[in-house]
Amino acid sequence: MSHTHCCNHGSKNSENPNEIGINYSLYTKIDLDNVECLNESIENSGLHFCHRRHPAPIPLKMPYFLIFVRKFSRRNALFLTRLLPSGERRGKFIFRSYEERFDVDKYVESDADPELLFNIPFSGNVKLKSIIVMGADNNSHPNKLRLYKNRPKMTFDDVNLQPDQEFQLTIDSNGTVEYNTKPVVFSSVHHLSMHFPGNFGEDLTKIYYIGLRGEFSEAHHHGVTICNYEVRPNISDHKVSNTSLWRKSRS
């Protein structure tokens with residue numbers, strides 16, 4: 001099914017900040033433990049970039065995860081990320097309340113290039129209406145957003161697919177610019193992927209806050225109905241009395 005993906009522009013929200021905060025509450029319906037952010041740098045995490053066939057030695061005493069991101073296969077690169085002791089990544093922290101958007105200690109910054117990709121699962125079904133993307137007041141702010149609905153576990157190999165909607169972003173350091181989604185296309189979303197392909201000219205992209213506005217409904221789990229279908233009839237289950245046969249013969 002084809003979707004038009006012309007670039008849309010945002011509009012400044014003139015509502016009272018308190019009302020905006022109430023509307024942008026879908027962050028509470030995100031399955032934060034399973035949010036993924038690809039090409040995310042992690043402060044103080046010991047991110048190592050290993051060129052080609054000569055990776056740096058790995059200290060075996062420290063816990064680590066090997067993350068092979070296909071995007072970097074074009075550069076023959078391997079990224080080794082040692083997680084912080086808590087296992088936390090910054091990606092999920094930018095999905096928070098509107099009132100906390102100015103907390104500059106919580107942000108996501110790309111690594112190696114300006115590109116970022118978020119995989120965002122919801123705990124139910126969402127009717128997504130609009131988005132806010134807030135960055136710094138400089139060229140590290142993302143300049144484009146591409147949305148994909150219901151495509152879990154997207155990687156950079158998948159971003160060549162046609163998005164369900166695309167936006168040209170403006171630099172917004174206050175979180176006041178809204179980008180309205182297509183109501184029909186985003187009426188039933190259980191997973192959202194957000195691809196930021198670049199910024200306004202910096203080497204790395206930085207995002208402080210992403211707000212999501214819409215309606216939420218619980219996922220419905222339908223029980224399994226068990227039906228017994230009779231393949232070969234059992235004569236004993238279909239006995240007909242002699243009286244019934246006699247009445248039919250007389251009619």
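Q: In this predicted model, which residue of β12 is the bridge partner of Leu-117?
A: Strands β8 and β12 pair in the antiparallel sense, over seven bridges. β8 covers residues 116-135, and β12 covers residues 189-196. Within β12, Leu-117 has as its bridge partner His-195.

Q: Which residue of β12 is the bridge partner of Arg-146?
A: β9 covers residues 144-149 and β12 covers residues 189-196; the two strands run antiparallel and are joined by four bridges. One of the partners in β12 is Leu-192, which pairs with Lys-149. For Arg-146, the partner in β12 is His-195.

Q: Which residue in β10 is the bridge partner of Lys-144?
A: β9 is also joined to strand β10, residues 165-168, by four bridges, and these two strands run antiparallel. The partner of Lys-144 in β10 is Gln-168.

Q: How many of the eight residues of β12 are buried?
A: A residue counts as buried when its relative accessible area is under 20%. His-191, which has its place in β12, has a relative accessibility of 6% and therefore counts as buried. β12 as a strand is mostly covered, and the number of its eight residues that are buried is seven.

Q: Is His-191 buried or exposed?
A: Not counting residues up to four places away in sequence, His-191 touches Asn-119, Ile-120, Pro-121 and Phe-122, among others. Its contacts also include Tyr-148, Lys-149, Asn-150 and Arg-151. Because the cut-off for burial is under 20%, a relative accessibility of 6% makes His-191 buried.

Q: Which strand supplies the largest share of the largest nonpolar core?
A: The largest nonpolar core has 30 residues, and those with the most contacts inside it are Phe-118, Leu-192, Met-194, Phe-196 and Ile-210. At least two residues of this core come from each of β8, β9, β11, β12 and β13. The largest share is eight residues, and the strand that supplies it is β8.

Q: Which residue numbered above 200 does Met-194 touch, not counting residues up to four places away in sequence?
A: Met-194 is one of the residues with the most contacts inside the largest nonpolar core. Its contacts include Leu-116, Leu-117, Phe-118, Ile-120 and Ile-131, as well as Leu-145, Arg-146 and Leu-147. The remaining residue that Met-194 touches is Ile-210.

Q: Why is the pair of Tyr-98 and Tyr-209 edge-to-face?
A: The structure holds five aromatic pairs. In the pair of Tyr-98 and Tyr-209 the ring centres are 6.0 Å apart. Planes over 60 degrees apart count as edge-to-face, so the pair is edge-to-face because its planes are at 75 degrees.

Q: How many residues apart are Tyr-98 and Tyr-209?
A: Both Tyr-98 and Tyr-209 are buried. Tyr-98 is in the loop between β6 and β7, while Tyr-209 is in strand β13, residues 206-218. The pair links distant parts of the chain, with a separation in residues of 111.

Q: Which residue lies over the face of Tyr-107?
A: A similar question can be put for Tyr-98, where Arg-101 lies over the face at 3.8 Å from the ring centre. For Tyr-107, the distance to the ring centre is 4.6 Å, and the residue over its face is Lys-206.

Q: How far apart in space are Asp-105 and Tyr-208, C-alpha to C-alpha?
A: Asp-105 lies in the loop between β6, residues 77-81, and β7, residues 108-109. Asp-105 is exposed, with a relative accessible area of 59%. Asp-105 and Tyr-208 are 103 residues apart in sequence, and their separation in space is 8.5 Å.

Q: What percentage of the residues reach a pLDDT of 70 or more?
A: The protein chain has 251 residues, with two helices and 13 strands. Over residues 43-87 the pLDDT is below 50. The mean pLDDT of the chain is 77, and the share of residues that reach 70 or more is 62%.

Key:
Residues are numbered from 1 along each chain as its sequence is written. This is a predicted model: local features need pLDDT of at least 70, side-chain atom pairs count only at pLDDT 80 or more; totals for chains, interfaces and linings use all residues. Side-chain values use heavy atoms; hydrogens and water are left out. Buried means under 20% relative accessible area, exposed over 50%, partly exposed in between (1.4 Å probe, protein chains only). Rings of Phe, Tyr and Trp (its six-membered ring) pair if their centres lie within 6.5 Å; planes under 30 degrees apart count as stacked, over 60 as edge-to-face and the rest as tilted. A charge sits over a ring if NZ of Lys or CZ of Arg is within 6 Å of the ring centre and within 35 degrees of the ring normal. Two strands pair if DSSP finds at least two bridges between them. pLDDT is the predictor's confidence in each residue, from 0 to 100. Contact means heavy atoms within 4.5 Å. A nonpolar core is a set of buried Ala, Val, Leu, Ile, Met, Phe, Trp, Tyr and Cys residues joined through side-chain atoms within 4.5 Å.
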